[in-house]
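This report was prepared for a reader who wishes to see how one protein model is built. Please keep the sequence and the structure in view while reading.

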Amino acid sequence: MKIKDSVVFITGANRGLGLAFAKAALAAGARKVYGAARDPQSITLPGVTPVALDVTQPAQIEAAVRACGDVTLLINNAGISRGASFLGSPDAVADARAEFETNFFGPWAMTQAFAPVLAANGGGAVVNALSVLSWISFPSVATYSASKSAAWSLSNGLRNELAGQGTQVTSLHMALMDTDMAKHMPGDKVSPEDVARQALEGVEAGKTEVLADGVTRQVKQGLSSETPPYAAAPA
Ligand SMILES: NC(=O)c1ccc[n+]([C@@H]2O[C@H](COP(=O)([O-])OP(=O)(O)OC[C@H]3O[C@@H](n4cnc5c(N)ncnc54)[C@H](OP(=O)(O)O)[C@@H]3O)[C@@H](O)[C@H]2O)c1
């Protein structure tokens, strides 16, 4: 599908990658960009229509669908990371539940709710913001990684189930990005603007998967190795 003249709905559009998606969609000629945020007043980019939306709140999802019946591209971007390990964090189970609510059940509920809208508008597309951590795990983000692994499977399953109505699903994987989520983490970071641009180009090219940086491409390539990257034991 073309981004030009599309109607784009972005979750978590007030900052980070979501804001970069809003800018990229406008730059690519989208006809309308809905910027969803828990606090709609935090959507300040000119040309973006604010929508109040917490992706864990079913009533707010229903209201968003009623208000935005012209959407052709849904971008499930909102995400959280609690920085919990499975065995070393005192509230690991609560942290994991919160991450799964936002990172897995949120995109699932959003896609379920918007699927009939996308079908009515010709099929369109869904982008799911995943991570290189869909495929590898570190103790400092173990529960988050589990939620992104589950979200990868969700994305693959949704692709199967939406193919019949002509809706394409693009999974977006990346390593560290220069946003609030990764601000305390050392290391090279890709810019959210670059990631958003690559993702929209991937949608236009009909790609099922966009791997936005070298680390992510290397990890993906290593999955079939005798010594896959997820089997290493990082400190
Ligand atoms: N940064 C990285 O290194 C990195 C790497 C790989 C993948 N990712 C993924 O990329 C996506 C964007 O992350 P980011 O780096 O832009 O993170 P970020 O800077 O922390 O921004 C997260 C966004 O998600 C929103 N959000 C959180 N919980 C929400 C909820 N329940 N309902 C609606 N919105 C909610 C936040 O809204 P508020 O302002 O209201 O909190 C914010 O807009 C996420 O899915 C993340 O997991 C990030």
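The text below covers the sheet, the core, the ligand surroundings and two individual residues.

**The sheet**

The structure is a predicted model. Its 7 strands form an open sheet in the order S3-S2-S1-S4-S5-S6-S7, and the pairing is parallel. At the edges stand strand S3 (48–52) and strand S7 (209–211), each of which pairs on one side only. From one strand to the next, the twist averages 20°. In general terms, strands of a sheet pair through backbone hydrogen bonds, either parallel or antiparallel.

Strand S4 (residues 73–76) can be followed towards two partners. S1 and S4 pair in the parallel sense over 3 bridges, and phenylalanine 9 has leucine 74 as its bridge partner in S4. Strand S4 is also joined to strand S5 (residues 125–129) by 4 bridges, and these two strands run parallel. Strand S5 in turn is joined to S6 by 5 bridges, again in a parallel arrangement. The table lists individual residue pairs.

| Residue | Opposite residue | Strand of the opposite residue |
|---|---|---|
| Phenylalanine 9 | Leucine 74 | S4 |
| Leucine 73 | Alanine 125 | S5 |
| Asparagine 76 | Asparagine 128 | S5 |
| Asparagine 128 | Serine 171 | S6 |

Asparagine 128 thus appears in two rows: it is the bridge partner of asparagine 76, and it stands opposite serine 171.

**Burial of the strands**

Strand S4 is covered on both faces: Leu73 and Ile75 on one side, and Leu74 and Asn76 on the other, are all buried. What can be said of strand S6 (residues 168–173), and why is it largely enclosed by the rest of the structure? In strand S6, 6 of the 6 residues are buried, and the strand is therefore largely enclosed. Gln168, Thr170 and Leu172 point one way from S6, whereas Val169, Ser171 and His173 point the other way.

**The nonpolar core**

The largest nonpolar core has 68 residues, and Val8, Ile10 and Phe21 have the most contacts inside it. Helix H4 (residues 142–162) gives the most to this core, with 8 residues. Isoleucine 10 touches Gly18, Phe21, Ala22, Val33, Tyr34, Gly35, Ala36, Ile75 and Asn77, leaving aside residues up to four places away in sequence. One of these contacts, Ile75, is among the buried residues of S4.

**The ligand surroundings**

The ligand is surrounded by 28 residues, of which Gly12, Gly16, Ala78, Gly79 and Thr179 are the closest. By class, this shell has 12 nonpolar, 11 polar and 5 charged residues. Helix H1 (residues 16–27) gives the most to the shell, with 3 residues.

**Two charged residues compared**

Which of glutamate 99 and aspartate 5 is buried, and which is exposed? Glutamate 99 has 24 other C-beta atoms within 10 Å and is buried, because the cut-off for burial is 20 or more. Aspartate 5 has 12 other C-beta atoms within 10 Å and is exposed, because that class takes in counts of 12 or fewer.

Glutamate 99 lies in helix H3 (residues 92–120). Outside the residues up to four places away in sequence, glutamate 99 touches Ile80, Ser81, Arg82, Thr143, Tyr144 and Ser147. The C-alpha atoms of glutamate 99 and leucine 74 are separated by 20 Å, and the two residues are 25 residues apart along the chain.

Aspartate 5 is found in the segment before strand S1 (7–10). The phi of aspartate 5 is near 70°, a positive value in a residue other than glycine.

Terms used. Residues are numbered from 1 along each chain as its sequence is written. This is a predicted model: local features need pLDDT of at least 70, side-chain atom pairs count only at pLDDT 80 or more; totals for chains, interfaces and linings use all residues. A residue is near a molecule or strand if its C-beta atom, placed from the backbone, lies within 6 Å of it. Ala, Val, Leu, Ile, Met, Phe, Trp, Tyr, Cys and Pro count as nonpolar, Asp, Glu, Lys and Arg as charged, and the others, Gly among them, as polar. A nonpolar core is a set of buried Ala, Val, Leu, Ile, Met, Phe, Trp, Tyr and Cys residues joined through C-beta atoms within 7 Å. Two residues are in contact if their C-beta atoms, placed from the backbone, lie within 7 Å. Two strands pair if DSSP finds at least two bridges between them. Axes are lines fitted to C-alpha atoms, for helices over the stretch in contact, and angles run from 0 to 180 degrees between N-to-C directions.
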